[in-house]
Amino acid sequence: MNKKSLFFTGIGIVAVLIGWWLLSPLFIDKQVNEPLPGSANASGEHGEMMDDKEDMGSDEEAMKDDMEETMEGEDKEGMSEKEEMSDDASEEAMNKDKEMSNESYAGTFVEVDNEHNISGNAFTVTADGKMYIRFEQFSVTNGPDLKVYLTKEGQPTSEGIDLGKLKGNQGDQNYEIPEGVDLSEYNKVVVWCRAFDVDFGYAMLEKQ
């Protein structure tokens, strides 16, 4: 095979790969089912990971015993201060959750055209001092390079706040909202195809 044939073969392979990346999501659905942030299920998954770490073997248990013996000589007053700091941090997080939960937002996804179907609900959830946008009963036409954005009214989606890659085109999912974002201003959550700069659908968030 000469160089010219190799060149065109390479172009053909690249074209096939690009075509597959662009078109395959139209025929493949990705289902997700994330628990509510801070829910028992989320805590349970974390607990299972911790249990796995605790089963590392007797050598680590022996090391732990040695560490506990050395800690007996530490200043109790210093330990008490650390506990107080931990309690203060937990209380601060709880107060922040309560304050943030007083400003909840919700909306329903609507379509922007006849080519892209979308449905479901979006609403805010607070947990551990953070705020999330949660999608439930969510479904959207799949596509390449789909992202979730928060935008102001009339703002181009690409200039909004990027919440990350769409986790799945079907199912319940959560997206953390960066600290300091004012949802009375950024009140539109958009599913956006970055590859073609096309909105697949959006939900207007209204204060509840």
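From the N terminus onward, the elements of this protein follow the order α-β-α-α-α-β-β-β-β-β-β-β-β-β. The model is a predicted one, and it contains four helices and ten strands. Of the contacts with a separation of 6 or more, 63% join residues that lie 24 or more positions apart.

Burial and surface can be considered next. The protein has 208 residues, of which 30% are buried. The protein exposes about 14000 Å², and carbon and sulfur atoms account for 51% of that area.

The largest nonpolar core comprises 25 residues, and those touching the most other members are F109, F135, L150, L166 and V189. Strands β2, β3 (118–127), β4, β5 (146–151), β6 (161–165), β7 (170–177), β8 (188–193) and β9 (198–204) each contribute at least two residues to this core. Strand β4 provides the largest share, namely five residues.

L150 illustrates how one member of this core is surrounded. Leaving aside residues up to four places away in sequence, L150 touches G160, I161, L163, I177, V181, L183, Y186, K188, V189 and L205. V189, one of these neighbours, is also named with L150 among the core residues that touch the most other members.

The aromatic residues offer a second route through the structure. The protein has five aromatic pairs. In one of them, F109 and F135 meet edge-to-face, with 4.9 Å from centre to centre and 80 degrees between the planes. This pair connects distant parts of the chain, since F109 belongs to strand β2 (residues 105–110) and F135 to strand β4 (residues 130–140), 26 residues apart. Both F109 and F135 are buried. F135 also pairs with F138; this arrangement is tilted, with the centres 4.9 Å apart and 40 degrees between the planes.

The burial of these two partners follows from a single cut-off: a residue is buried when its relative accessible area is under 20%. F135 counts as buried because its relative accessibility is 0%. F138 is likewise buried, because its relative accessible area is 2%. Through ring pairs, F109, F135, F138 and Y175 are linked into a cluster.

Two lysines complete the picture of the rings. The charged end of K167 is placed over the ring of Y175, 4.9 Å from the ring centre; Y175 is also a member of the aromatic cluster. The charged end of K188 sits over the ring of Y202, at 4.5 Å from its centre. K188 is, in addition, among the residues touched by L150.

Technical notes
Residues are numbered from 1 along each chain as its sequence is written. This is a predicted model: local features need pLDDT of at least 70, side-chain atom pairs count only at pLDDT 80 or more; totals for chains, interfaces and linings use all residues. Side-chain values use heavy atoms; hydrogens and water are left out. Buried means under 20% relative accessible area, exposed over 50%, partly exposed in between (1.4 Å probe, protein chains only). Contact means heavy atoms within 4.5 Å. Accessible areas come from the Shrake-Rupley method with a 1.4 Å probe; for residues, only the protein chains shown count as cover. Rings of Phe, Tyr and Trp (its six-membered ring) pair if their centres lie within 6.5 Å; planes under 30 degrees apart count as stacked, over 60 as edge-to-face and the rest as tilted. A charge sits over a ring if NZ of Lys or CZ of Arg is within 6 Å of the ring centre and within 35 degrees of the ring normal. A nonpolar core is a set of buried Ala, Val, Leu, Ile, Met, Phe, Trp, Tyr and Cys residues joined through side-chain atoms within 4.5 Å.
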